[in-house]
Every structure is written in structure tokens, then in C-alpha cells.
Amino acid sequence: MFKYLIARASRYLSTNVCQSAPLSDITKVWFTPLPKDAKWVAPLQMHYIENGMKKDRDIVKIFNGVMVVLFNVSRQKLIYVRQFRPAVYHGLITGNSFEMPKGCIDLVKYPPEIAVTLEPCAGVAEINKSPQESARVEVLEECGYDVPTESLQLIYQYRSGVGASSAAQTLFYCEVCDEQKVNAGGGVHDEVIEVVDLSIEEAKEYVKTGATVSGGPSTLLATLWFLSNKA
């Protein structure tokens, strides 16, 4: 089973949109139980009575998010980001099992590159900012473009992971030009992000029927929306 999962994940790396030098140098990986003071997720259980029957459901609370479909009109390219996603790595090496891997992970058998995703610019919706303001900050930090909030066109507001987390997500579209590029992007603090430009034809190839996509459902949603409405 592991061999199948790794072979499938490795197809991500064989596509034109994901071919690149290693994003970062990850030298050691291990897993531990979630601490009580975790910063980004909070597991809990909801209890309720429905049609006279008591039910219990596990929930993972996460922050709301924003995502931006960026299109550079100067070069006619869609702008994505590549980054290592630990949750994707864990999912790939454990499959459908809840058992926590023990000890250090064999990085030759499970190279971290299998969990490098391709996604539109995205981030956490800040509590003290509007979704537009949060999106503007993410575009600047991750992709290096300075855009006014007025240029962010609302596409969808929806819920992600409705079976377990159901965070509110806001998807925007924004056109940029080379003159708005004020820095290299790449994220802030400990983020390691690579900015990637895709042609419209490459984007079509990325989401074609039968493709194995190295990103979440929002990546598909954002790309397909662009191809249906702007390409």
C-alpha cells in the first residue's frame, strides 16, 4: 500500500508544473501527539440529540481562510505557490490509518518532495482584518505583488472540510501586472514558499480529467473557475 501511495504522489513531481529543484532541505521528520496548547487547530467533540437519538461527532476547529486566483496580465500567466505541506506528507505515508508513525521517518523511502503542493496564494483570515485585507497581505507576502483591496474580486464564500472542520473560506480573483511586483515573495517568518507561473495551457493540463493534483479541492476550484470565466 505504501509503495502505491508513494508512486501516486511521485506523479506530482513528474508533471511540468511541478518540476523544480528541491524546495528546501528537510533532514529529519517525526510525529508526536497534538499538545493542548496547539496554535492552529483545536480538536473537540459535539454532542446533540437528533430525532430522539443522542449523537457524538468529532470536530477539528481551524481558522477561516482566504485564497486568491492571481493572473499576471503582463505575461498572461497564472500565479501559484509551491510549499511543503506536513499534513499532506503525513497523509501520504500513513494512508487511511490513524496509527501514528513511530520514530524518525525514512526520508529515502518517503522523500519530503512528495508533499510539495501547488496552490493559489492563500492564508489565514485575520480576526482583526476584513477578508479583502487578509488576502491583500497574503498576496504581498507570498507572491510579492502590492495590490489594492479594491482590485480583489469576490468569487465564492464557502465551507471547507464540512465533515470535520468546516472553516469559512473566501476566494478572490485579482489581476496584476509586472509593475506591481515589489518583492520576491516567498512568505514570512519560517515559511518556505516558491512562486510559480503557469500558462493557461499548463493550468488546463494540471486539472484535466484523470489528473493527480498536488493540492487541495480549493486549488481545483480556483483553477477551474479561472478557466471557465477568464481564460
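**Exercise 1. Find out where the salt bridge between Arg75 and Asp178 sits in this predicted model, and how exposed its two partners are.**

*Solution.* Start with the contact itself: the side chains of Arg75 and Asp178 form a salt bridge, with an N to O distance of 3.0 Å. Next, place the partners along the chain. Arg75 is in the loop between strand 3 and strand 4, while Asp178 is in the loop between strand 7 (167-176) and strand 8 (194-198). The two residues are 103 residues apart, so the pair links distant parts of the chain. Finally, look at exposure. Arg75 is partly exposed at 34% relative accessibility, and Asp178 is partly exposed too, at 33%.

**Exercise 2. Follow Arg75 to its salt bridge with Asp197, then describe the network that results.**

*Solution.* Begin with the geometry: the side chains of Asp197 and Arg75 meet at 2.2 Å, N to O. Then locate the ends of this bridge. Asp197 belongs to strand 8, and Arg75 to the loop between strand 3 and strand 4; they are 122 residues apart, and the pair links distant parts of the chain. Asp197 has a relative accessibility of 28%, which counts as partly exposed. Now put the pieces together: Arg75, Asp178 and Asp197 are linked in a network of salt bridges. For context, the structure holds ten salt bridges.

**Exercise 3. Which parts of the chain does the salt bridge between Arg82 and Glu194 tie together, and is Arg82 buried or exposed?**

*Solution.* First, a general reminder: side chains of opposite charge can pair when their charged atoms come close. Here, the side chains of Arg82 and Glu194 form a salt bridge of 2.5 Å, N to O. Because Arg82 lies in strand 4 and Glu194 in strand 8, the pair ties together parts that are 112 residues apart in sequence. Strand 4 covers residues 77-84. On exposure, Arg82 is buried because its relative accessible area is 5%, under the 20% limit for that class. Its partner Glu194 is partly exposed, at 25%. As an extra step, take the C-alpha atoms of Arg82 and Ala184: they are 14 Å apart in space, for residues 102 apart in sequence.

**Exercise 4. Work out how many disulfides the model has, using Cys121 and Cys177 as test cases.**

*Solution.* The step you need is the cut-off: two cysteine sulfur atoms must be within 2.5 Å. By this rule, the count is zero disulfides. For Cys121, the nearest cysteine sulfur belongs to Cys143 and is 4.3 Å away, and Cys121 is in no disulfide. For Cys177, the nearest cysteine sulfur is that of Cys174, 9.8 Å away, and Cys177 is likewise in no disulfide. To complete the picture of Cys121, check its exposure: the relative accessible area is 0%, so this residue is buried.

**Exercise 5. Which residues make the nonpolar surface patch of about 390 Å², and where is Phe63 in the chain?**

*Solution.* Go to the surface and select Trp40, Phe63 and Ile127: these residues make the patch. Then trace Phe63 back to the chain, where it occupies the loop between strand 2 (53-62) and strand 3 (65-72). Last, check that Phe63 can belong to a patch, for which over 30% relative accessible area is needed. Phe63 has 35% relative accessibility, so it counts as partly exposed.

Definitions and conventions. Residues are numbered from 1 along each chain as its sequence is written. This is a predicted model: local features need pLDDT of at least 70, side-chain atom pairs count only at pLDDT 80 or more; totals for chains, interfaces and linings use all residues. Side-chain values use heavy atoms; hydrogens and water are left out. Buried means under 20% relative accessible area, exposed over 50%, partly exposed in between (1.4 Å probe, protein chains only). Patches are made of residues with over 30% relative accessible area and no salt bridge: like charges are joined within 9 Å, nonpolar side chains (Val, Leu, Ile, Met, Phe, Trp, Tyr) within 5 Å. Accessible areas come from the Shrake-Rupley method with a 1.4 Å probe; for residues, only the protein chains shown count as cover. A salt bridge is a side-chain nitrogen of Lys or Arg within 4 Å of a carboxyl oxygen of Asp or Glu. Helices (H or I, at least four residues) and strands (E, at least two) are DSSP runs, numbered from the N terminus.
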